[in-house]
Every structure is written in C-alpha cells, then in structure tokens.
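The following note is intended for a colleague who has not yet examined this model. Its points may be read alongside the sequence and the coordinates displayed below.

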Amino acid sequence: MTDPAPYYRIHVFCCVNQRPEGHPRGSCAAQGAQGLRNFLAARCRELGIEGIRVNNAGCLDRCELGPVMVIYPEGVWYAYSTSEDIEEILQTHVIGGGRVDRLLLQPEQKTRDGVVGSPGA
Ligand code: FES
C-alpha cells in the first residue's frame, strides 16, 4: 500500500515555545517567534497561497538557533530574525521553489554562525 497524498501542499511549523527567562537554551518565543509566525500566516492569506498551512509548533529542539521553522514536504529548516527574513523565505522558497541559502540550517548545525541577521551578528 502506498502512502496517501499529503493533506497540505506545504506545511510549515514555526517553533513558538517560551521558556522562563534565563534558561540556558533560550527559546524561540524570547526571540520574537510568535509575531514572526503570525506575520508569515498573514502574508500567506494576503497572497492567497493555496494548500499551505502555517502552524505554531512546540519546541523543535534546535533552541539555540531560534527562531526556527521547518517546511514540509522538503524538511528544509530555516533560522530567521525579522519580517524581511520571513518575506524572503516566502517569496523564494514557498512561492519560487528556491532556497534562502543565508538562512538555511544544516542538519548538523549547532550555532547560528553564518546565518545573516542572527541576534548579535
Ligand atoms: S524553543 Fe524553539 S526549538 Fe526549542
């Protein structure tokens, strides 16, 4: 038996987990994740993108890199910091089918080094 077709054409999970202030791993919410996730969802509605779902996610266990999102079915991860980052992911990846290299996270990546626009960069 083959797998059923995906329910959503594009499924985005944005971590919005909040940890107590001072937690050693930090949290995506402390870096503005909820507002950025809401911006992404609103832009998808504005642009009328069909077949996309943008979900709040709990901790995705890449907290030190946050805020982070993962886009399926590709399973591509991004770290982002601003609404401009979100817009670029939307235009380039979601709409254009490309990749935003400067924000991409590699599977083995443990720090934000190399991610343009990272906090403190
Ligand atoms: S708090 Fe966002 S990945 Fe853990």
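In what order do the elements of the protein chain run from the N terminus on?

1. Overall plan. The model is a predicted one. Starting at the N terminus, the elements follow the order β-α-β-β-β-α-β. The protein chain thus holds 2 helices and 5 strands.

2. Overall dimensions. Along the principal axes, the C-alpha atoms of the protein chain occupy a box of roughly 45 × 35 × 25 Å. The radius of gyration is 14 Å, and this agrees with the value near 14 Å that a compact globule of 121 residues would have. Buried residues account for 26% of the 121 residues. Among contacts with a separation of 6 or more, 61% are made by residues 24 or more positions apart.

3. The sheet. The strands form an open sheet of 5 strands, in the order S2-S1-S3-S4-S5 and with mixed pairing. Its edge strands are S2 and S5 (104-105), each of which pairs on one side only. Helix H1 packs on the sheet and touches S1 and S2; the direction of H1 makes about 165° with that of S2.

4. Strand S1 and its parallel partner. S1 (residues 10-15) and S2 (residues 52-57) run parallel and are joined by 6 bridges. Between these strands the chain passes through H1 (residues 33-47), and the resulting β-α-β crossover is right-handed. Within the pairing, Phe13 has Asn55 of S2 as its bridge partner.

5. Strand S1 and its antiparallel partner. S1 also pairs with S3 (residues 68-72), here in the antiparallel sense and over 4 bridges. Val12 stands opposite Ile71 in S3, while Cys14 has Met69 of S3 as its bridge partner. In a regular strand, side chains alternate between the two faces of the sheet.

6. The nonpolar core. Which residues touch the most other members of the largest nonpolar core? They are Cys14, Val68, Tyr78, Tyr80 and Ile89, in a core of 21 residues. The elements giving two or more residues to this core are S1, H1, S3, S4 (76-79) and H2 (83-95). H2 supplies the largest share, 4 residues.

7. Surroundings of Tyr80. Tyr80 is one of the core residues named above. Apart from its neighbours within four places in sequence, Tyr80 is in contact with Leu36, Pro67, Asp85, Ile86, Ile89 and Leu103. Of these partners, Ile89 is also listed among the core residues that touch the most other members, and Pro67 returns in the next point.

8. Two cis peptide bonds. Most peptide bonds are trans. The bond from Gly66 to Pro67, however, is cis, with omega near 0°; Pro67 is located in the loop between S2 and S3. A cis peptide bond also joins Tyr72 and Pro73, with omega of about 20°, and Pro73 is located in the loop between S3 and S4. Both bonds merit a look in the displayed model.

9. Backbone of Asp61. Most residues other than glycine have a negative phi. Asp61 is not a glycine, yet its phi is positive, at about 65°. This residue lies in the loop between S2 and S3. Is Asp61 buried or exposed? Asp61 counts as exposed because it has 10 C-beta neighbours inside 10 Å, and the cut-off for an exposed residue is 12 or fewer.

Definitions and conventions. Residues numbered from 1 in each chain as written. Predicted model: local features only at pLDDT ≥ 70, side-chain atom pairs only at ≥ 80, totals over all residues. Pairing = 2+ DSSP bridges. Right-handed = clockwise from strand over helix to strand, strands pointing away. Contact = placed C-beta atoms within 7 Å. Axes fitted to C-alpha atoms, helices over the stretch in contact; angles between N-to-C directions. Rg over C-alpha atoms; globule rule 2.2 N^0.38 Å. Buried ≥ 20, exposed ≤ 12 C-beta atoms within 10 Å, placed from the backbone. Core = buried A, V, L, I, M, F, W, Y, C linked by C-beta atoms within 7 Å.
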